[in-house]
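Reader: I am new to this structure and would like to learn how its features are read. May we go through them one at a time?

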Amino acid sequence: MMHTELVGEPLLHLDSRRLLAEARRAVPEAFDAQGRLLSPIAGMWAQPPAWFNAVSPIDGSVLAELPLLGAAQVAAGVEQAAAEFAPWAARSIEDRARAIVEAVAALQVHRDLLVRILAWDIGKTLPTACNDVDRCLAGIDWYLEQMDPMLDGRKPLGLVSNIASWNYPFSVLLLNVLVQALAGNSVIAKIPTQGGGVSLTLAFALLRRAGLPVSLVGGRGRDLSEALVGHARIAGVAFIGGRANGAQVHRRLRDTDKRYALEMEGVNAYAITHFTDWDALGRQIRAGFDFGKQRCTAYTRWVVERSLVPRFVRTYVDTVSMLRVGNPVLGAHVDFGPLIAPTKAEELRSLIAEARELGTAVLYQGELAEDAFTAGQERGAYLPPVLLFGVPRDSELYQREPFGPVDVLVSVDSEEELVREANVSNGALVASVATDDPELAQRIAARLHAFKVGINALRSRGDREESFGGRGGSWAGAFVGGTHLVRAFTDGPHPIEGNWPG
């Protein structure tokens with residue numbers, strides 16, 4: 001069942017220390033005697049040689065200490081996780097489903113705690129944290145109902161490795177893990193380095209209690225990549241992250257027989273021409289700021305017919321000026337909170353400053369909601385919305401996904417220029433075109449180099465039966481979602497759709 005409200009004592013009256021104490025009572029096996037988190041590997045809780053701090057972007061406080069495993073320890077963990085595959089795959093789909101149902105029931109029992117910790121973990125507002133957890137729970141319920149025909153004639157691969165970004169640890173990473181396990185695989189996942197590890201460790205503890213063959217390891221990506229990508233016992237890899245790291249993973253996998261699905265970033269563009277429905281566009285602009293645009297499907301590039309630029313800017317400013325940015329766990333309403341870390345906010349501030357020095361105009365600069373912070377609170381990770389115009393072509397903001405609330409406006413004079421500027425990043429996950437002319441909309445949409453193209457509407461990743469992938473440099477390997485996700489990590493007679501080399 002989907003929820004939007006928390007029960008019991010509201011988060012506003014709970015600080016992170018009390019939340020962690022509540023977590024220790026709920027899953028004591030996940031902690032050592034000093035209160036540090038451990039790694040669940042093949043049914044055992046591994047003691048790391050060192051830990052690293054999970055720092056909340058909300059106020060810079062240390063939420064918990066997470067395990068920092070070394071390469072050899074993770075390689076041994078891969079062997080142990082791979083050994084869980086055969087007995088798990090030998091169980092009937094009905095038996096595996098019963099174990100998944102038990103795990104989901106445990107997640108439901110502790111749902112409110114997971115939501116509250118997730119909010120502190122990565123700076124989500126309570127509604128966005130609720131949505132992340134609830135989409136995972138509803139999603140696996142759907143797969144439980146649909147899995148039998150999806151698996152007809154198919155067999156699991158073995159041990160599947162998951163390396164994912166921090167922004168959607170439940171609705172993307174944990175859901176993928178549950179589906180891969182339901183399909184008969186054993187699974188190992190890496191804690192996202194930048195955040196999400198506390199809530200994920202608690203969730204994995206609950207999955208282990210239900211007997212699922214899932215393992216979670218923490219450590220530096222450069223130390224663990226050999227074990228989690230190149231190890232001979234890894235049969236498949238699911239990756240979600242940036243293009244640089246994704247390209248390295250792809251180079252390691254493309255000449256092997258390992259199955260892979262690699263989701264990488266792209267600049268998602270919204271092209272606007274011959275258009276008049278500005279109220280509808282304003283609603284889309286507002287919706288697009290969910291989680292501060294820290295999403296792979298966020299639209300941050302607006303390519304607009306020159307004559308429409310003044311009307312677009314007025315719509316944008318009228319809409320975005322109503323957004324409130326502040327501490328997401330205080331009583332004051334905010335639309336989004338911090339970026340994942342002060343270093344990310346500083347990176348974007350530096351890129352904006354460099355662009356301004358090169359002649360970029362700042363058409364809108366938002367402000368933080370002063371009543372949405374505690375006195376003296378650390379604010380380094382907070383960045384209000386910015387709209388830039390005239391960004392030079394050699395600027396990083398012109399060609400790269402900012403992964404934050406920084407929008408770039410590009411003015412164009414022709415359809416050819418509109419399409420070219422919308423396709424600036426050699427492939428994207430989503431794109432949209434806004435126009436009053438249905439034939440023109442279809443013609444432009446067919447030329448946009450994105451996996452999903454919306455017409456007068458935003459496109460999202462999608463849930464359950466809707467497939468998801470990317471074109472160009474935004475994706476490599478099998479597409480996912482619904483039947484595609486199951487086929488991506490099983491073998492059988494049906495073809496696997498994807499974005500393959502050549």
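Author: We may start with the surface of this predicted model. The accessible surface of the protein chain comes to about 19200 Å², and carbon and sulfur atoms hold 51% of that area.

Reader: How many of the 502 residues count as buried, in per cent?

Author: A residue is called buried when its relative accessible area is under 20%. In the protein chain, 60% of the 502 residues count as buried.

Reader: What radius of gyration does the protein chain have, and what would a compact globule have?

Author: The protein chain has 22 Å. A compact globule with 502 residues would have a radius of gyration near 23 Å, so the value agrees with that expectation. Along the principal axes, the C-alpha atoms fill a box of roughly 65 × 60 × 40 Å. Among contacts with a separation of 6 or more, 72% join residues 24 or more positions apart.

Reader: How many helices and strands does the protein chain have?

Author: The secondary structure comes to 17 helices and 20 strands.

Reader: How do strands of a sheet pair?

Author: They do so through backbone hydrogen bonds, in either a parallel or an antiparallel sense. In this structure, one open sheet has seven strands in the order S8-S7-S6-S9-S10-S18-S20, with mixed pairing. Its edge strands are S8 (214-217) and S20, each of which pairs on one side only.

Reader: Which pairs of this sheet may serve as examples?

Author: For the parallel sense, strand S6 (residues 159-163) is joined to strand S7 (residues 186-190) by five bridges; Ser161 has Ile188 in S7 as its bridge partner. For the antiparallel sense, three bridges link strand S10 (residues 259-264) with strand S18 (residues 475-478), and there Leu262 is partnered by Ala476. S18 also runs antiparallel to strand S20 (residues 498-499), joined by two bridges, with Asn499 as the bridge partner of Gly477.

Reader: Where does helix H9 lie?

Author: Helix H9 (residues 221-230) lies across S6, S7, S8 and strand S9 (234-241), and runs at about 140° to S9.

Reader: What is the strand order of the other open sheet described here?

Author: The order is S13-S14-S15-S12-S11-S16-S17, seven strands with mixed pairing. Strands S13 (361-365) and S17 (450-455) stand at the edges with a single partner strand each, so one side of each has no neighbour in the sheet. On average, neighbouring strands of this sheet are turned by 20° against each other, direction ignored.

Reader: Which residue in S15 is the bridge partner of Phe389?

Author: The partner of Phe389 is Leu409. Strand S14 (residues 386-389) and strand S15 (residues 406-412) run parallel and are joined by four bridges. Helix H15 (residues 415-422) packs on the sheet, where it touches strand S11 (268-272), strand S12 (299-305) and S15. The direction of H15 makes about 155° with that of S15.

Reader: May we close with a single residue, Arg301? Is Arg301 buried or exposed?

Author: Arg301 has its place in strand S12. Its relative accessible area is 1%, so Arg301 is buried, the cut-off being under 20%.

Reader: With which side chain does the side chain of Arg301 make a polar contact?

Author: The partner is the side chain of Glu421, at 2.6 Å. Leaving aside residues up to four places away in sequence, Arg301 touches several others, including Asn268, Tyr270, Tyr398, Val408 and Val424.

Key:
Residues numbered from 1 in each chain as written. Predicted model: local features only at pLDDT ≥ 70, side-chain atom pairs only at ≥ 80, totals over all residues. Heavy atoms only, no water. Pairing = 2+ DSSP bridges. Axes fitted to C-alpha atoms, helices over the stretch in contact; angles between N-to-C directions. Contact = heavy atoms within 4.5 Å. Buried < 20%, exposed > 50% of the residue type's maximum accessible area, 1.4 Å probe, protein only. Polar contact = N/O pair within 3.5 Å; in protein donor to acceptor, adjacent residues only side chain to side chain. Rg over C-alpha atoms; globule rule 2.2 N^0.38 Å. Areas by Shrake-Rupley, 256 points an atom, 1.4 Å probe, with all protein chains shown as cover.
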